[in-house]
Amino acid sequence: SGIVLVAINPYEQLPIYEQDVIYAYSAQNMGDMDPHIFAVAKEAYKQMARDEKNQSIIVSGESGAGKTVSAKYAMRFFATVGGSASETNIEAKVLASNPIMEAIGNAKTTRNDNSSRFGKYIQIGFDKRYHIIGANMRTYLLEKSRVVFQAEDERNYHIFYQLCASSSLPEFKDLGLSK
């Protein structure tokens, strides 16, 4: 294990994630500036380039902790320092989830009305100049039990309620759904 960063989701946009901050962290060594997701990303990027070995950043936390947003910031850092931010728009492409996927894997929890119940493994590929050349994201469902049981003040996956709301449509007639 390498560097550990403990971050708190402020539930609002802060100016500490803007482009000028990326440039500030990309020009510094680890420890020269305050702890930040950009510092962690910079260290992984630097070690990838120096050692020519794969690097991993694990983003972990409870529902609503800001894991997806932290991953977006790390990807934005990689795209910017690799000179491919304008070409790739990598964070949007990798994390773009279609509405069906969101409906199947998101549910209301006590901490978040639209909490992703997926685990995500994002793999980013770089060329020899360390520009992003591709990425993929694998998802896996974390809570199969939610289908048959929900804790108090929580809900099943959004798709369940969307199907029930659409039960009167002719194409859903054979499913035997009701309000």
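In the predicted model, methionine 101 is placed in helix α6, which covers residues 99-105. Its relative accessibility is 33%, and methionine 101 therefore counts as partly exposed. When neighbours within four places in sequence are left aside, methionine 101 is in contact with Phe118 and Thr139. Phenylalanine 118 stands 17 residues from methionine 101 along the chain, and the C-alpha atoms of these two residues are separated by 9.8 Å.

The protein chain to which this helix belongs has a secondary structure of 7 helices and 4 strands, and these elements follow the pattern α-α-α-α-α-α-β-β-β-β-α when read along the sequence. Of the 179 residues in the protein chain, 28% are buried. Where contacts between residues at least 6 apart in sequence are considered, 48% of them join residues at least 24 apart.

Helix α2 spans residues 37-51 and has 15 residues. From its first C-alpha to its last this helix reaches 21 Å, which is close to the 21 Å expected at 1.5 Å a residue. The buried residues of α2 are Ile37, Phe38, Ala39, Val40, Ala41, Lys42, Glu43, Ala44, Tyr45 and Met48, and what covers them includes α1 (19-26), α3 (67-81) and β3 (118-126). Glutamate 43, found in this helix, has a relative accessible area of 12%, which is under the 20% limit, so the residue is classed as buried. Apart from neighbours within four places in sequence, glutamate 43 is in contact with Ile3 and Met30. Just after α2, glutamate 52 takes a positive phi of about 55°.

The stretch that follows α2 includes positions annotated in a sequence record. In an unreviewed entry, UniProt places the feature "binding site" at Gly61, Glu62, Ser63, Gly64, Ala65, Gly66, Lys67 and Thr68. Two of the annotated residues, Gly66 and Lys67, can be described in further detail. Glycine 66 has its place in the loop between α2 and α3 and is buried, with a relative accessible area of 16%. Lysine 67, by contrast, is found in helix α3 and is partly exposed, its relative accessible area being 28%. The two residues fall into separate classes because the value for glycine 66 lies under 20%, whereas the value for lysine 67 lies between 20% and 50%. Not counting residues up to four places away in sequence, lysine 67 touches Val59, Ser60, Gly61 and Glu62, and the last two of these, Gly61 and Glu62, belong to the positions that UniProt lists for the "binding site".

Strand β3, which is among the elements that cover the buried residues of α2, is joined by 9 bridges to strand β4 (residues 132-141), and the two strands run antiparallel. Within this pairing, isoleucine 122 stands opposite methionine 137 in β4. The hairpin of β3 and β4 has 5 residues between the strands, and tyrosine 130 in this hairpin takes a positive phi near 65°.

Aromatic rings provide a further set of relations, since the structure holds 11 aromatic pairs. In the pair of tyrosine 17 and phenylalanine 38, the ring centres are 6.2 Å apart and the planes stand at 85°, so the pair is edge-to-face. This pair links distant parts of the chain, as tyrosine 17 lies in the segment before α1 and phenylalanine 38 in helix α2, 21 residues apart. Tyrosine 17 and phenylalanine 38 are both buried. The rings of phenylalanine 77 and phenylalanine 78 likewise form a pair, with centres 6.3 Å apart and planes at 75°; an angle over 60 degrees counts as edge-to-face, so this description applies here too. Phenylalanine 77 and phenylalanine 78 are each buried.

Ring pairs also link Tyr17, Tyr25, Phe38, Tyr45, Tyr73, Phe77, Phe78, Phe126 and Tyr130 into a cluster. Among its members, Phe38 and Tyr45 are buried residues of α2, and Tyr130 is the hairpin residue with a positive phi. A charged side chain is also placed over a ring elsewhere in the model, where arginine 155 lies over the face of tyrosine 161, at 3.8 Å from the ring centre.

Technical notes
Residues are numbered from 1 along each chain as its sequence is written. This is a predicted model: local features need pLDDT of at least 70, side-chain atom pairs count only at pLDDT 80 or more; totals for chains, interfaces and linings use all residues. Side-chain values use heavy atoms; hydrogens and water are left out. The expected span of a helix is 1.5 Å times one less than its number of residues. Buried means under 20% relative accessible area, exposed over 50%, partly exposed in between (1.4 Å probe, protein chains only). Contact means heavy atoms within 4.5 Å. UniProt positions are given in the numbering used here, feature names are shortened, and annotations may be inferred rather than shown by experiment. Two strands pair if DSSP finds at least two bridges between them. Rings of Phe, Tyr and Trp (its six-membered ring) pair if their centres lie within 6.5 Å; planes under 30 degrees apart count as stacked, over 60 as edge-to-face and the rest as tilted. A charge sits over a ring if NZ of Lys or CZ of Arg is within 6 Å of the ring centre and within 35 degrees of the ring normal.
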